[in-house]
Structure formats: structure tokens, C-alpha cells
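Grab a coffee and work through these short exercises with the structure open beside you. Try each task before you read its solution.

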Amino acid sequence: MLTFTLNGRPCSFDAVAPETTALALLRGRAGACGTKEGCASGDCGACTIAIGTRNDRGGRHYHSANACITPVHQLQGQAVVTVEGLAHGDGLHPVQQAMVDQHASQCGFCTPGIVMSLFCLDHERRRRGLAGPPDDDAIEAALGGNLCRCTGYRPIRDAAKRMHTLPAAQLAPEEASGDPAPETAADSAGFHRPATRADLIERLRQHPQARLIAGGTDLMLAHTLALEPLAPLIDLSAIPELQHIDEDEAGWWIGAGVTYSRLEPLLADTHPAFLQLLERLGSRQIRNRATLSGNLANASPIGDTPPVLLALGARLRLNGIHGARELAIDDFFTGYRRTALAPGEYLEAVQLPRLQAGQRLLAWKLSKRREDDISAVMLALRTTVDDRGRLVNVRVACGGMAATPQRARRVERQLEGRVFEASTLARARAALAEDFAPIDDVRASREYRLNAAAGLLTRAFHQLNTHPAAIPMTLEEV
């Protein structure tokens, strides 16, 4: 039995198929048709909903999510708010009223998703007691995953700034006291939701070929776009042990259930170049659900985080029915969409290595859209410049250049122990064609990828030989 609250009312559903998305159940069985389907892939934001969880003081924290790729079984025990749950009778929520006042809606198809993204922004700001309108960066982050074909974005941004001037509104009170208890499994539906790590191992022993799901931001596309059956599914999101970020002398171990949004504060303090990249990895809705372990286990050659972790020399902690083991990330990717994970095994945690004194991490992504788009080319470089101006402990990795995310070892050899001068750069650029033989596809040609990667090496040359201020990340400046 699937149980959660919807706009303050307790709801229960039985016989829910494992691949069912939150959008399908909300529109079909719950009758909440304000939530729209635009792309079925988490790109347009028309289906955005708010998912609320209790914080440690008993209040609600809401995060935005794409209902079209959220497995509905993950709503167990949650509080879900859709656009229907904002208004009270004739009284609009301040976000809705601001949209009306600023004439920020035309056809209305995308409007519910925009309203829900702004609701999450407004609710969080009021919860934290922030005064004044959100700044442009906060608005851009909140709306980066919402597309609108009608109005242009100026009136929507105006509404985002106006909403704080209107009186706060209360959501409908929950009719049930407390939250539904988490359900440890849904065996009859083929969706298994273990609540402990030991329970997970037992489920893997029973279903060693099951697909594992955390955020599901990529896996769910196999069903929504390709109509593949996904059962059996084993969900990692309800296991407390996988929600930890544990620090040791070498760095931090990021649990398999930790979302990108939860990772952002750590990166802001320790790896600002990684954070800058992460801000372009999907939308806020995606980052609220996607995980580092999921991006690695997916093993896409154009994944954004693997090149950075390869450049950092990360280690991985694997666990499963045959016990736990550690593995260097260099040994994890074994082929196109293939990894070293054995049947009955899962990626438990990813190490984020600590940058040593004097070490620099640079990372850049090229894509057709600035955000919420997959990369055509990725390059990450970690090195130290010694007191004689030489590069030492160089690691360079690329995405989009081979069947797997891959280190550029010949490039590394051209850079290691040398002063990064023009002749060094020329040799390193030439070595790219020895390290990689990219393919032509819809995102980029072979020539573009080689030239773009060479341009990113040139950017690294300029950044390491000048003041370490960030260089604008536009294709024209590569």
C-alpha cells in the first residue's frame, strides 16, 4: 500500500506498478490534473511538484521535483503539494497572486510548474526569515528547470520578486497527524524499498539482477521515453546509512543517497570549481534528487561528475552480497555503460578527495544549453604548480571523448614536471588526438570535440598562468 499526503489529505493507493511515476498517479488516480506533462524527461519543468519532509525541528522543508521522472513509490510517507493545494477558496497563494499581478502567464501549460518552483523558493525564504526579494541568482537557480514558450521570462522574474511583498499564506493543514510510516518493501509491485543496509543486502541476495534506483533522474527515462519495464527495482533512498557524508583525513565519503543539493555546501567550502560545474548539472529539480553514486553507476560517457572524480583520483566503496570492497575510480568504468559492479553489488559511497596545499582543480563543461543539458565535451584537471613553476601530480580526465569517462594519460605525461609554457601547451594539445578518437553524433563532431578539448586545455594554460579568478565559461572564449 502506497500512502502519502496530497495537499494536506491522506491518500492511499494499492496495486501501483513499480515504474509508475508521480505524474502518472497524480493525474490519473489522484485527479490532480494541474500538474502537466511536457517532456517526460525532466527537461521542461511543467510537471514540477513540491515534496515536503520533516526537518529536525518538526517543520516542513519543501523541495521541487520533476513528477514525470519521480518514482511514485518514493513518495511513501512524504507530503506532496501540487498547484491545486496552494489557494484557499478565492484567496490565492502569494506566488499565484504575484504571477497574476505581473501578467506572467499566457497559455498556462507551463505555469503550474513555474508556480511550484517559485513556491519552494518562497517557502524556504520565509522559513529562514529572509527579508527582501530573492536576488537574480536565486531566481535563476529556482527557475533554471522551467521552460516557457509564451511570455518570455521577464514577467515571471518580476513575479518572483513581487511574491515576497504579499502576506504569507498557510497551506491546508494535514488531516492526518504525523506522517505515514515508511514502507520497507513493496514486493507485490516489484518495487523494493529496504530501510536498512542489512535489508538491502538481503534484497540483493534475492534479486541480484534488480536495477537500483536512488534519484532515478536517468533510469526513469528508460520507462518514460523507451517504455522499458524496470521491475524489479530496489530503492536506496530510504536507507539512513546511505545519507551520510563522513569526513576522514583523505577527504569525504559521500553516501549513495546524498543528493547534489545536499552536496553543494560542502563543495562551496572545499571544491569551488566542482560546485560551479554542479550548478550546470541539470536543474534545481534534478539536483534535488540526483546523486553522485547514481551518476557514476550510470556509466554514461557524457556524465558530468566522473571526469572530475577521475581528475581528483577518487576511490569508491562497493558493497553487496559478497561483502564490502574499495576500488580506485580508474578501475571502475570497464566499457560503454559498463562498470566493475558485480551482480548483487552496489556503489555504497564515493570519496571526494581533499585538495592538498597548493593543489588546483579546474573543470569545464561545453553543452548546447548553459544549464539543464548534457555535455558534448567535459575536461577536468587537477595539479600543483611548484615553486619553480612546474606542474606536478597532474591528472586530466575528459567526458564525451570516448566510450567511457577517461583519463588523458598522454596529455598528463606532456604536462608532468614541466613549466606550463606555450611549447608545453602545444605538445599537450597534440597529445589529445593520441588519447582520444571521439565519434560523430548529434551533439558534436569528432573534429569539434578534439578542438574543443584543446581549447579547454588552453583555458587551463591561461588560468594557471594568471590570477586564479574564474574565466567566463562561454564557448566563444574557448
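**Exercise 1. Find the partner of Ile51 in strand E5, then work outwards to the rest of the sheet.**

Solution, step by step:

- Start with the pair itself: across from Ile51 you'll find Val80 of E5. Keep in mind that you're looking at a predicted model.
- Next, the strands around that pair. E3 (residues 48-54) and E5 (residues 79-81) run antiparallel and are joined by three bridges.
- Now zoom out. The open sheet has five strands in the order E2-E1-E5-E3-E4, and the pairing is mixed.
- Look at the edges: E2 (9-13) and E4 (60-66) each have a single partner strand, so one side of each has no neighbour in the sheet.
- Check the twist as well: on average, neighbouring strands here are turned by 35° against each other, direction ignored.
- Finally, see what sits on the sheet. Helix H3 packs there and touches E3, E4 and E5, with its direction at about 155° to that of E4.

**Exercise 2. How do helices H3 and H4 pack, and at what angle?**

Solution, step by step:

- Pick out H3 (residues 111-127) and H4 (residues 136-143); their axes are 9 Å apart and the packing angle is about 130°.
- Classify that angle: angles over 145 degrees would count as roughly antiparallel and 65 to 115 as roughly perpendicular, with the rest oblique. H3 and H4 are therefore oblique to each other.
- Add the handedness: H3 and H4 make a right-handed crossing.
- List who touches whom. From H3 come Ile114, Ser117, Leu118 and Leu121, and they meet Ala138, Ile139, Ala142 and Leu143 of H4.
- Sort those residues by character: the H3 and H4 contact has seven nonpolar, one polar and no charged.

**Exercise 3. Is Ile156 buried or exposed, and what does it contact?**

Solution, step by step:

- Locate Ile156: it belongs to helix H5 (residues 154-162).
- Apply the cut-off: buried means under 20% relative accessible area. Ile156 has 1% relative accessibility, so it counts as buried.
- Go through its contacts, skipping neighbours within four places in sequence: Ile156 touches Ala104, Ile114, Leu118, Leu143, Cys148 and Thr151.
- Follow the link to H4. The axes of H4 and H5 come within 11 Å and cross at roughly 115°, and the crossing is right-handed.
- Name the residues involved: H4 brings Asp136, Ile139 and Leu143, while H5 brings Ile156, Arg157, Ala160 and Lys161.
- Sort them again: four are nonpolar, none polar and three charged in the contact of H4 with H5.

**Exercise 4. Why is strand E18 largely enclosed by the rest of the structure, and which strands does E18 pair with?**

Solution, step by step:

- Begin with burial: E18 (residues 391-399) has nine residues and seven of them are buried, so the strand is largely enclosed by the rest of the structure.
- Take one partner, E17 (residues 377-385): E17 and E18 pair antiparallel over seven bridges, and Ala380 stands opposite Ala397.
- Trace the turn of that hairpin: five residues lie between E17 and E18, and Gly389 in the turn has a positive phi of about 85°.
- Turn to E19 (residues 406-407), which runs antiparallel to E18 and is joined to E18 by two bridges. Here Cys398 has Gln406 as its bridge partner.
- Close with the hairpin of E18 and E19: six residues separate the strands, and Gly400 has a positive phi near 80°.

Definitions and conventions:
Residues numbered from 1 in each chain as written. Predicted model: local features only at pLDDT ≥ 70, side-chain atom pairs only at ≥ 80, totals over all residues. Heavy atoms only, no water. Buried < 20%, exposed > 50% of the residue type's maximum accessible area, 1.4 Å probe, protein only. Helix = DSSP H or I, 4+ residues; strand = E, 2+ residues; numbered from the N terminus. Pairing = 2+ DSSP bridges. Axes fitted to C-alpha atoms, helices over the stretch in contact; angles between N-to-C directions. Parallel < 35°, antiparallel > 145°, perpendicular 65-115°, else oblique. Left-handed = near helix turned anticlockwise from the far one by under 90°. Contact = heavy atoms within 4.5 Å. Nonpolar A, V, L, I, M, F, W, Y, C, P; charged D, E, K, R; others polar.
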